[in-house]
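Colleague: I'd like a close look at one part of this model: how its later helices pack. Please walk me through it slowly, and bring in the surroundings once you're done.

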Amino acid sequence: MQIGIDQLAFYTPKTYLDLVDLAHARGEEPDKYKIGIGQSEQAVIPVTQDAVTLAANAAVRVVTDANRDKIAMVLFGTESGIDNSKSAAIYLKRLLKLPDAIRAVEIKQACYGATAGVQFAHDFVRLHPDQQVLVIGADIARYGLNTPGEVTQGGGAVAMTISANPQLFNLDDETAFRSEDIMDFWRPLYRTEALVDGRFSENVYIDFFKAVWRDYQAQSKRSIGDFTAFAFHLPFTKMGLKALRAILPEASESQQKELMANFEASRQYNRQVGNLYTGSLYLSLRSLFDNAALKPGQRLGLFSYGSGAEGEFFSGTVSDEFDATESQKWFSTYFKSRQRLDMTQYERLFTQQLPNHDVLLDLSDDDARFVLTGIQHDQRQYLDRN
Ligand code: CAA
């Protein structure tokens, strides 16, 4: 029996910043951002969206009347939690009208949380092949105005259903993981922006990638020649390029060309959206499926990295039934419908934060189906406009 990703959808608000505008405003060469960092645009998240609404807006496209009753568990990966106690998965479960006989929990380990969800779901479905698990990766990546990390901000959510006989991606059993207590990136409870040791975090990412790639090869007896493409966690797309380059000499010359071309396909969406933290690897996987000419049975390698730090290399094959048409259409419509912000609008949206008292938010600039309407008695208020 094959187990893996049956459906994979993405959502982020339509407001975005062109990074040439950011480069001009910050006195940097646009090519530093476009080539050196590998980003063109970044999603800007309004105050009326949080991890819960981003997740709901993505998940509503993978949870339908056809599978609602099969979903036994919601695993919500996020490092942008909205409550220190109650899980975002419980709010989501209500907004999606999922049944009460369900487990709903949040998983936190920086950008790695959704991968923990995918792997736990894989094991669960093996025991319960008639059931499905909804896995979420939803975050808002914030470093702060005028910081080196600013160009690597972004946000959004991916929603995946993990099932038996999946339509998209069959997960292999072999997987190699590693965790170590490292201070490369963290966000203390009192902060809304992350703290990061930028260069160090890049080095740890590469060290973890090399270590788990080596362990995976030893375990699976596979080598780079067995792979058609790799998808990486992409905090900014140059990071994935650096990782790929670290192992590219292991491939033949013709395969190097194929891997590089497929890497370009895998970073297309991330380049325009920015960092998603937990969802980033899976947006890249979606980009790969939608923009490369993949064939059923081809093997893809995935590297997940969460600062602090935890990394995992795992793999899978393209499902016989995979069809990217609907997703390609969705992204094409989405990118055409976006609203480019100028620097003043971006800075205003970025600094607008939820107060810690009752508030009713202005929803006029947010056309999403699920929105945060405000706070009442210290409780977030959500609306499904459907
Ligand atoms: N044309 C082309 N390239 C140029 C250029 C130009 N005009 N000017 C500069 N560059 C290149 C530089 O040579 C450099 O390339 P390399 O990385 O290949 O050496 C690149 O542009 C970036 O330049 P700097 O290193 O000078 O950039 P910076 O100091 O301003 O910061 C950063 C870059 C460290 C990534 C910073 O944006 C940051 O801290 N980001 C957040 C942290 C992060 O994303 N870390 C990634 C690993 S951690 C992780 O993955 C978890 C997570 O999601 C956060």
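Modeller: Helices here are DSSP runs of H or I with at least four residues, strands are E runs with at least two, and both are numbered from the N terminus. Axes are lines fitted to C-alpha atoms, for helices over the stretch in contact, with angles from 0 to 180 degrees between N-to-C directions. Keep in mind that this is a predicted model: local features need pLDDT of at least 70, side-chain atom pairs count only at pLDDT 80 or more, and totals for chains, interfaces and linings use all residues. Numbering starts from 1 along each chain, following the sequence as written.

Let's start with H6, residues 198-220, and H7, residues 237-247: their axes sit 10 Å apart, at an angle of about 40 degrees. That angle is why H6 and H7 are called oblique to each other (under 35 degrees is roughly parallel, over 145 roughly antiparallel, 65 to 115 roughly perpendicular, and the rest oblique). Counting contacts by C-beta atoms, placed from the backbone, within 7 Å, H6 brings Glu202, Tyr205, Ile206, Phe209, Lys210 and Trp213, and H7 answers with Met239, Lys242, Ala243, Ala246 and Ile247. The residues of this contact between H6 and H7 sort into eight nonpolar, three charged and no polar (nonpolar means Ala, Val, Leu, Ile, Met, Phe, Trp, Tyr, Cys and Pro; charged means Asp, Glu, Lys and Arg; the others, Gly among them, are polar).

H7 also packs on H8, residues 253-273, again with axes 10 Å apart, but here at about 160 degrees. So H7 runs roughly antiparallel to H8. In this contact H7 uses Thr237, Gly240, Leu241 and Leu244, and they meet Leu259, Phe263, Arg267, Asn270 and Arg271 of H8. The mix in the contact of H7 with H8 is four nonpolar, three polar and two charged residues.

Now follow H8 on to H9, residues 280-291, where the axes are 7 Å apart and the angle is about 125 degrees. That makes this pair, H8 and H9, oblique. On the H8 side you'll find Asn262, Ala265, Ser266, Arg267, Gln268, Tyr269, Asn270 and Val273; on the H9 side, Ser280, Leu283, Ser284, Arg286, Ser287, Leu288 and Asn291. In the contact of H8 with H9, eight residues are polar, five nonpolar and two charged. Arg267 and Asn270 of H8 turn up in its contacts with both H7 and H9.

As for the surroundings, H6 leads to the ligand: H6 and H2 (30-37) each give at least two residues to the shell around the ligand. That shell holds 26 residues, with Asp31, Lys32, Gly36, Gly198 and Pro235 the closest; a residue belongs if its C-beta atom, placed from the backbone, lies within 6 Å. In the ligand shell, 13 residues are nonpolar, eight polar and five charged.

UniProt, in an unreviewed entry, puts "Hydroxymethylglutaryl-coenzyme A synthase C-terminal" at residues 263-341 and "Hydroxymethylglutaryl-coenzyme A synthase N-terminal" at residues 2-165; such annotations may be inferred rather than shown by experiment, and names are shortened. The 263-341 span is 44% helix and 25% strand, with its end C-alpha atoms 29 Å apart. Residues 2-165 come out at 29% helix and 30% strand, with end C-alpha atoms 5 Å apart.

Two backbone oddities to finish. Most residues other than glycine have a negative phi, and most peptide bonds are trans. Gly308 and Ala309 are joined by a cis bond, with omega about 5 degrees, and Ala309 sits in the loop between S12 (299-306) and S13 (310-318). Ala110 has a positive phi, near 45 degrees, in the loop between S5 (103-107) and H5 (113-127).

Key
Contact = placed C-beta atoms within 7 Å.
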